Amino acid sequence: MAQVSKEELLHIANLANLNLKDEEIDTYLLNLQDILNFADIVNKANVEGLDITVGANEAKNIFRKDEVVEFKDTESLLQNAPEKERNMFKIPKVIQ
Amino acid sequence: MDITELTVHELQEKLKNSELTSYDITKAYTDKIQEKEKDVQAFVTELSEEALKQAKEIDEKRKAGEELSNLAGIPIGIKDIICTKGVRTTCSSKMLENFIAPYDATVMEKVNAEGLIDLGKLNMDEFAMGGSTEYSYFKKTRNPWNLNKVPGGSSGGSAAAVAAGLVPWALGTDTGGSIRQPASFCGIVGLKPTYGLVSRYGVVAFASSLDQVGPMTKDVTDCAMLLNIIAGRDEKDTTSVDNGDKDYVKSLKNDVKGLKIGVPKEYFGEGINSEVKQKLEEAIERYKKLGAIVEECSLDIADYALATYYIVACAEASSNLGRFDGIRYGHRTENFTNLKELYRNSRSEGFGDEVKRRIILGTYVLSSGYYDAYYKKAQQVRTLVMNEFSKLFEKYDVLLTPTSPTVAFDVGSKTNNPLEMYLADICTVSVNIAGLPGISVPCGVDSQGMPIGMQLIGNRFKEETILNAAYTFEQDYKFREKYKPQFVK
């Protein structure tokens, strides 16, 4: 069974783009270990020869016509922007 | 007559006979919200003023002889995960505290087309992750039967609002039990439809292969009526399925003679509260009396399904919640010097503890080295769970279990132990894993007067079968005539 180390937890948090405060690390480690210990039961199930299931519906392609539906209400989209300039989203410089 | 105690089908009748106007009905509800919301705390956003205005407009149209749906002018409450154009949709998260949806979810378009009036957006666990509505960023909703107890979750605001008479009916969403468990805790009816029956377009995604929108109502007839409105294929959700415009109200026949009900014994064992068990056994006896054929059966997958659920749901959530980056909408930190810091700090400030916990768990099970051991294994176990259900449905029309192993618990009693909170979903999650329909219907109260729910599970797209089974029980048992929420303080 997997034992999660502090380094591993920090690596995972980094992948998920989350900061963990020092006081959070111990609690999260404990919670994660608890839940993983329980989740490990999936490794006891007899699944030999079984396919994976990705979704509950029959896996088949659903086609539709590629028709353009115009959405003209730019204003209502931009009203949610934390920062904007004219009709654009504003972000910090990407290339330093 | 207390208007807020009437079911929607009763209100519809009174609208039709001109005994009541939409304004009378809407006003009764906004008054009730005035009176009780301070105790119940069900709403994130109240729309009383707008609702009364709409009600007047609909009354005028009706008076002028304009053709309207026969439900036009009846109010509804909406879980705050469903996008409503021009109205805040927060998912009870700081991340979306100020998010105003630029468009309506498909279910909202359908609700609006019917002329239903939105009374407000209802509280929930943040991003639907939780079973008590205590993980809301804004407030803790209380159980109208006892205000010291949780209403369940994640659709706890919807369940409490319906039970307290703050809305006549509501929409919720269910990823692992989030409609059925709060319905059970609050003594109302809640249906999770078959995966694909209802469009998910415009519903903030938690776990896309499990999420479904469904009705939360006072009785089974209302439940069938609301399902009629929201079900059906939607071009904008490729996983949605054409149901051939079924009329679910017509399936309510008040007859279960010959209906084959399987009772999986594993759901009545260890961990099930004895009073819950007793009420379920009484319900089984009632079904026998009503002519159903009830048999014990075995469905030994509950633990596997729960573990699979937390692996799959968290994996999907970690991916779905990647979109919250503080750029186009949602919380943006003030503390950043570059783009990476903007992402990280916005997400870390915007998400609550439980959401972060699940993103981390989801990222972990998808990360290299653990993918095969957890995620892939869970997907195989998902096949196993579906196969086990399929076998049972060769023999039975309906499976009967408790909705939750316990009645509503005390506020604050489980928030420090995430795993314990997860275990409370043991009876409901397997239904989502297999994509089946499940309904919770009240079947009694315990010695403290807290409601107990019975879950009826059907085969894929057999909503009619479980609705009729629930209806027949309800007509004979008459829960609503016997018990009412007491707002115990």
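B:D245 is found in the loop between α7 (220–230) and β7 (260–264) of chain B, where helices (H or I, at least four residues) and strands (E, at least two) are DSSP runs numbered from the N terminus. Although not a glycine, B:D245 has a positive phi of about 50 degrees. The residue B:D245 is exposed, with 9 other C-beta atoms within 10 Å; a residue counts as exposed if 12 or fewer other C-beta atoms lie within 10 Å of its own, as buried if 20 or more do, and as partly exposed in between, with C-beta atoms placed from the backbone. The model is predicted, so that local features need pLDDT of at least 70 and side-chain atom pairs count only at pLDDT 80 or more, while totals for chains, interfaces and linings use all residues. Residues are numbered from 1 along each chain as its sequence is written, and chains are lettered from A and ligands numbered from 1 in the order in which they are written.

Two further backbone features occur in loops of chain B. B:S18, in the loop between α1 (8–16) and α2 (22–40) of chain B, has a positive phi near 55 degrees and is not a glycine. B:S18 is exposed, with 9 other C-beta atoms within 10 Å. The peptide bond from B:G153 to B:S154 is cis, with omega near 10 degrees, and B:S154 is placed in the loop between β3 (117–122) and α5 (156–164) of chain B. Most residues other than glycine have a negative phi, and most peptide bonds are trans.

Chain B contains 16 helices and 11 strands. Its radius of gyration is 21 Å, which agrees with the value near 23 Å for a compact globule of 489 residues; this radius is taken over C-alpha atoms, and the globule rule is 2.2 Å times the number of residues to the power 0.38. Buried residues make up 61% of chain B. The largest nonpolar core has 173 residues, and those with the most contacts inside it are B:I311 and B:A470. Such a core is a set of buried Ala, Val, Leu, Ile, Met, Phe, Trp, Tyr and Cys residues joined through C-beta atoms within 7 Å. The most residues in this core, 12, come from α9(B).

Chain A has three helices and two strands, in the order α-α-α-β-β from the N terminus. Its radius of gyration is 23 Å, whereas a compact globule of 96 residues would have one near 12 Å. Buried residues make up 16% of chain A.

Between the chains, 55 residues of chain B are in contact with 43 residues of chain A, two residues being in contact if their C-beta atoms, placed from the backbone, lie within 7 Å. On the side of chain B that touches chain A, the largest share, 12 residues, comes from α12(B).

Helix α2 (residues 22–39) of chain A has 18 residues and end C-alpha atoms 26 Å apart, which agrees with the expected 26 Å at 1.5 Å a residue; the expected span is 1.5 Å times one less than the number of residues. In α2(A), A:Y28, A:L32, A:I35, A:L36 and A:A39 are buried. They lie on the same side of α2(A), because they cover an arc of only 95 degrees around the axis, the arc being that of the directions from the helix axis to the C-beta atoms. A:E23, A:D26 and A:L30 are exposed on the other side. The cover over the buried residues of α2(A) includes α1 (6–15) of chain A and α9, α11, α12 and α13 of chain B.
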